[in-house]
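Please open the model in a viewer and keep the selection panel at hand. The tour below proceeds from one selection to the next.

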Amino acid sequence: MDMMVSTLQQQRAVTEQLRREAAIKRIPVSSAVADIVKFITDHEQEDCLLVGFSSQKVNPFREKSSCTVL
Amino acid sequence: MAGGAEETLAALLREAEALKARLEEERQKLNDVTLASVAERLEAVNFPNLKPRRVLKGHQSKVLAADWAPDKRRLVSSSQDGKVIVWDAFTASKEQTFSMPSTWVMAAAYAPSGNMVAAGGLDNKVTVWALGEEGEGARRRTVATGTAYMSCCVFAHSERQLLTGGGDGACALWDVESGQLLQAFPGHGADVSALDLAPSDAGDTFASAGADRAVLLWDARTPHAVQAFDAHDSDVNCVRFHPGGDALASGADDAACRLWDLRADREVAAYRKEALLFGVAAVEWSVSGRLLFAGYHDHTACAWDALRVSRVAVLCGHEHRVSAVRRSPDGTALATASWDATLRIWA
């Protein structure tokens, strides 16, 4: 009986969670993707790992001498 | 009574199945384009040569977690050796070392103030240290005490609150000063492996990943998950918000990284290759969110063009699994941590 009650409680929680998820408002993938693309395009120039440094002097981790790494 | 309960249970099960079908249908209906088709007209990423710049040596065993300080120069790391190290990444030297009561320190985080670090693991706790300005004796305090191991932790926008996740399948928000539990977030059906906060400064949104193959989205004000994404085929090891804030990347033991859009409420891209067989332990974004970095169990890390869904660079150097990948706060460098006991800085 206790088992029954706990299974019931678990299932109630699962169903309630699904009800909440089903109530979410969604937008089409096309407009979601357009927003992602826009954010990236707007910030690409600040992205050093993407576009590199304007000069290696700006790179805080540049090598100060010509030693080989490793 | 038992009959009534059975009937209720059957009704709940029926409703759950119907809801699942409806969710799937609704998500599919809005799936009008693929990311790769939209990105086709964008220029390909001309990937600059990301070079290994520093190797941080000092741990005696697997490095399990790493986090940058807001000064873009210091890092905290934790290891299987039971040590937590604060590094100066510029000079590749250790600034402070803290010993933990147990091995396998799986969680480590730097406070956004830069004045505190937190770490925990098999001791079922998260401990914070107030860092002395000159490196003198650090104050130590236990903040979070759980019933299972701690796998991840992150300061929630200030050094006053800490979010943790662990082996009990729950996330939890703690008050750093008092050590009190503020809110528990049960929801994962198995161990929580990773946590990430939404990028907005004051937001209450965070995401968690778990061994139940799910990625969950939470509002820290309520104990129920707001959204659930469950399309990985195995344990999810990592989750990171896209810098735009409306999408998440996750990585799993199924060797795939996936991009989830929160407003479309579904997966919008999967990053995988037949040649990649090993699990993904860590994911990270570049500042713009164009590059998705991933650390793999096959000892490599790589960079994906997130839009064109293609791999653009492979970072080789580690001699064991890559366990953590973190971008410095200003986006000028990438840190990788590995089971080979080192951390590497790439820039």
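The coordinates displayed are those of a predicted model. Begin at the boundary between the two chains, where 14 residue pairs, both members at pLDDT 80 or more, are in polar contact between chain A and chain B. On the chain A side, α1 (2–22), α2 (29–43) and α3 (48–51) each contribute at least two residues to the surface that touches chain B. Of these elements, α1(A) gives the most, with 12 residues. By residue class, the side of chain A that touches chain B comprises 23 nonpolar, nine polar and 12 charged residues.

**Chain A alone**

Select chain A and colour by secondary structure. Three helices and zero strands are present, in the order α-α-α from the N terminus. Of the 70 residues in chain A, 34% are buried.

**The interface**

Now display both chains and select the residues in contact across the boundary: 44 in chain A and 69 in chain B. Between them the chains bury about 4,900 Å², of which 69% lies on carbon and sulfur atoms. On the chain A side, select A:R26, A:L49 and A:F61; these lose the most area to chain B and together account for 18% of what that side buries.

Keep A:R26 selected and add B:D265. Their side chains form a salt bridge, with an N to O distance of 2.7 Å. The count of salt bridges between chain A and chain B is five.

**The nonpolar cores**

Next, select B:C257, B:L259, B:Y271, B:V283, B:L292, B:Y296 and B:W304. In the largest nonpolar core, which has 29 residues, these touch the most other members. Elements from both chains supply two or more residues to this core: α2 of chain A, and from chain B a set that includes α2 (35–39), β19 (247–252), β20 (257–261) and β24 (301–305). Which element gives the most to this core? The answer is α2(A), with six residues.

Centre the view on B:C257. Leaving aside neighbours within four places in sequence, B:C257 is in contact with residues including B:S250, B:G251, B:A269, B:V280 and B:A294. Core members B:Y271, B:V283, B:L292 and B:Y296 are also among the contacts of B:C257.

A second, separate core has 17 residues; select B:C152, B:A156, B:F185 and B:W218, which are among them.

**Around B:A220**

From B:F185, move to B:A220, in the loop between β16 (215–219) and β17 (225–229) of chain B. Is B:A220 buried or exposed? B:A220 is buried, with a relative accessible area of 17%. Not counting residues up to four places away in sequence, B:A220 touches B:Q183, B:F185, B:D204 and B:F206. For a distance check, add B:A5: the two residues are 215 apart in sequence, and their C-alpha atoms are 33 Å apart in space.

**Two positive phi angles**

Most residues other than glycine have a negative phi. Two residues of chain B merit inspection on this point.

Select B:N124, in the loop between β7 (116–120) and β8 (125–130) of chain B. Phi of B:N124 is near 65°, a positive value in a residue other than glycine. B:N124 is partly exposed, with a relative accessible area of 22%.

Finally, select B:A255, in the loop between β19 and β20 of chain B. B:A255 is not a glycine, yet its phi is positive, at about 70°. B:A255 is buried, with a relative accessible area of 5%.

Notes:
Residues are numbered from 1 along each chain as its sequence is written. Chains are lettered from A and ligands numbered from 1 in the order in which they are written. Side-chain values use heavy atoms; hydrogens and water are left out. Contact means heavy atoms within 4.5 Å. Buried area is the accessible area (1.4 Å probe) that two parts lose on being put together, summed over both. A salt bridge is a side-chain nitrogen of Lys or Arg within 4 Å of a carboxyl oxygen of Asp or Glu. A polar contact is a pair of N or O atoms within 3.5 Å; within protein, one must be able to donate a hydrogen and the other to accept it, and residues adjacent in sequence count only if both atoms are side-chain atoms. Helices (H or I, at least four residues) and strands (E, at least two) are DSSP runs, numbered from the N terminus. Ala, Val, Leu, Ile, Met, Phe, Trp, Tyr, Cys and Pro count as nonpolar, Asp, Glu, Lys and Arg as charged, and the others, Gly among them, as polar. A nonpolar core is a set of buried Ala, Val, Leu, Ile, Met, Phe, Trp, Tyr and Cys residues joined through side-chain atoms within 4.5 Å. Buried means under 20% relative accessible area, exposed over 50%, partly exposed in between (1.4 Å probe, protein chains only).
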